[in-house]
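Biologist: I would like a close look at one part of this model. Please start there and then place it in its surroundings.

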Amino acid sequence: MTSAQLLKTPPEESVFGAQLSHRMASTVSAVPHAVLGPSPPPPGVWPPLDFALGSLACCAACVFTNPLEVVKTRLQLQGELRARGSYQRHYRGALQALWVVGRTDGLRGLQKGLSVGLMYQGVMNGVRLGSYSYCEALGLTSFHGGSLLSGAGAGALGAFISSPAYLVKTHLQAQTVEAIAVGHQHNHRGVSDAFVTIYRRDGLIGLWRGVNGAVPRVMVGSAAQLATFTSAKEWVSHSQWFSPNSWLIALIAAMISGVVVAISMTPFDVISTRLYNQPVDEFRKGRLYHGFSDCLLKVCQAEGLLGLYKGMGPVFLRLAPHTVLSMLFWDLMRQHTVKDNQSQGRS
């Protein structure tokens with residue numbers, strides 16, 4: 001669940017039902033229906049509370065998928081600006097990387113950056129959901145393609161505002177013992193120390209270093225999900241491989257969508273990670289890259305096109321469970337809230 005429309009499913013309808021809701025609880029799924037058909041009635045949950053539930057659902061999913069974020073960051077920083085075969089490979093894939101990190105850093109190492117990751121998820125999705133709802137109230141989503149553009153714009157705004165949290169998360173997740181270290185090691189002592197150190201060294205602007213890679217990353221990822229999740233879920237439902245109420249329908253659809261998102265988003269994810277993690281000089285300029293396009297060219301020249309797809313395995317492995325868990329948690333919390341409201345209304 002990465003965007004706003006996760007909050008638009010009618011309360012009596014489960015996200016995992018056979019009929020695809022016109023406003024499924026994610027921008028991942030709802031936009032095509034908003035473009036092609038009339039808007040459904042509003043949800044039965046107070047919108048600000050609905051947004052909070054959506055953000056909380058993403059945070060809950062983050063607890064389970066954060067280890068994949070750790071290994072994805074390590075894989076994307078491994079062999080930075082070096083030709084293939086000219087560096088020692090500590091990590092050789094998602095599963096092997098999980099084992100290496102767990103063996104060396106322990107279970108806590110697999111959850112590095114979790115607290116600031118939860119902060120990122122909460123701020124990111126709160127801003128994204130609220131922004132999309134505002135666009136909807138203005139009637140922007142009623143135009144052809146309006147939902148897609150509104151979702152991408154809301155995602156870009158969320159990525160910009162939450163960028164400092166993603167910056168610190170990247171720094172912390174890259175940190176490890178020297179034996180398996182990759183990329184620049186910032187050696188922060190914790191989340192608060194990281195924020196304070198970056199602010200004192202680079203000023204307020206320094207907290208937004210790398211945002212020029214984060215915004216296109218989120219926009220491309222959201223657009224890819226918007227274009228694939230709905231059609232994939234409809235196709236799986238119509239194929240009748242599973243019973244109408246099976247949660248496997250949403251899981252398979254999320255996996256199909258995850259392949260498309262991983263292929264389209266991973267290059268932007270690699271660039272974003274490199275821009276966030278690079279060291280800076282005394283003039284507060286990046287030592288390795290001058291910006292998005294410079295990073296793209298240097299990675300292609302030094303590492304080849306495959307360098308842009310480092311860490312694609314964890315990206316894919318994270319997307320499907322994160323999407324399904326987010327929708328599941330949101331669905332359960334939302335239904336519980338609606339039931340409480342109905343019971344209070346009767347009393």
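What is the relative accessibility of Arg284, and how does Arg284 count on the scale from buried to exposed?

Modeller: Arg284 has a relative accessibility of 45%, so it counts as partly exposed; the upper limit for that class is 50%. Keep in mind that this is a predicted model. Arg284 sits in the loop between H9 and helix H10 (292–303). Its backbone deserves a look. Phi is about 65 degrees, a positive value, although Arg284 is not a glycine. Most residues other than glycine have a negative phi.

Asn187 is another such case. Its phi is near 55 degrees, again positive in a residue other than glycine. Asn187 also belongs to a loop, the one between helix H6 (163–174) and H7. At 57% relative accessibility, Asn187 counts as exposed.

Now step back to the whole chain. It has 11 helices and 0 strands. Of its 347 residues, 54% count as buried. Take contacts between residues at least 6 apart in sequence: 76% of them join residues at least 24 apart. The accessible surface comes to about 15,400 Å², and carbon and sulfur atoms hold 64% of that.

Go back to the helices on either side of the Arg284 loop. On one side is H9, which spans residues 248–277 and holds Thr273. Thr273 has 1% relative accessibility, so it counts as buried. Beyond its neighbours within four places in sequence, Thr273 touches Thr73, Gln76, Leu77 and Thr170.

On the other side is H10. Asp294 and Lys298 both lie in H10, 4 residues apart, or about one turn of the helix. Their side chains meet in a salt bridge, at 3.3 Å from N to O. Lys298 is partly exposed, because its relative accessible area is 27% and the buried class ends at 20%.

Another salt bridge joins Glu303 to Lys310, with the closest N and O atoms 2.8 Å apart. Glu303 is buried, with a relative accessible area of 11%. Lys310 is buried as well, at 13%.

The structure holds 12 salt bridges. Side chains of opposite charge can pair when their charged atoms come close. One pair spans a long stretch of sequence. Arg318 bridges to Glu69, with 3.1 Å between the closest N and O atoms. Arg318 is in helix H11 (residues 312–346) and Glu69 in helix H2 (residues 47–77), so this pair links parts of the chain 249 residues apart. Both Arg318 and Glu69 are buried. They also belong to a network of salt bridges that takes in Lys72, Lys169, Arg217 and Asp269.

Lys169 has a second role in the picture. It lies over the face of Tyr166, at 4.4 Å from the ring centre. Tyr166 in turn forms one aromatic cluster with Tyr120 and Tyr276.

Across the structure there are 5 aromatic pairs. One of them is Phe160 with Trp208: the ring centres are 6.1 Å apart and the planes meet at 35 degrees, so the pair is tilted. Phe160 is in helix H5, while Trp208 is in the loop between helix H7 (191–206) and helix H8 (211–239), and the two are 48 residues apart. Both rings belong to partly exposed residues. Phe160 has a relative accessible area of 42%. Trp208 has a relative accessibility of 27%.

Phe160 leads on to a surface feature. Met119, Val123, Leu157, Phe160 and Ile161 form a nonpolar patch, with about 400 Å² of accessible area together. Helix H4 (114–137) and helix H5 (146–161) each give two or more residues to the patch. H5 has the largest share, with 3 residues. Ile161 is found in H5, and it is partly exposed at 37% relative accessible area.

H4 also holds Glu136. Glu136 is partly exposed, with a relative accessible area of 22%. Its C-alpha atom is 10.0 Å from that of Gly151, 15 residues away along the chain.

To return to your starting point: Arg284 is a partly exposed residue with a positive phi, in the loop between H9 and H10.

How values were computed. Residues are numbered from 1 along each chain as its sequence is written. This is a predicted model: local features need pLDDT of at least 70, side-chain atom pairs count only at pLDDT 80 or more; totals for chains, interfaces and linings use all residues. Side-chain values use heavy atoms; hydrogens and water are left out. Patches are made of residues with over 30% relative accessible area and no salt bridge: like charges are joined within 9 Å, nonpolar side chains (Val, Leu, Ile, Met, Phe, Trp, Tyr) within 5 Å. Accessible areas come from the Shrake-Rupley method with a 1.4 Å probe; for residues, only the protein chains shown count as cover. A salt bridge is a side-chain nitrogen of Lys or Arg within 4 Å of a carboxyl oxygen of Asp or Glu. Buried means under 20% relative accessible area, exposed over 50%, partly exposed in between (1.4 Å probe, protein chains only). Rings of Phe, Tyr and Trp (its six-membered ring) pair if their centres lie within 6.5 Å; planes under 30 degrees apart count as stacked, over 60 as edge-to-face and the rest as tilted. A charge sits over a ring if NZ of Lys or CZ of Arg is within 6 Å of the ring centre and within 35 degrees of the ring normal. Contact means heavy atoms within 4.5 Å.
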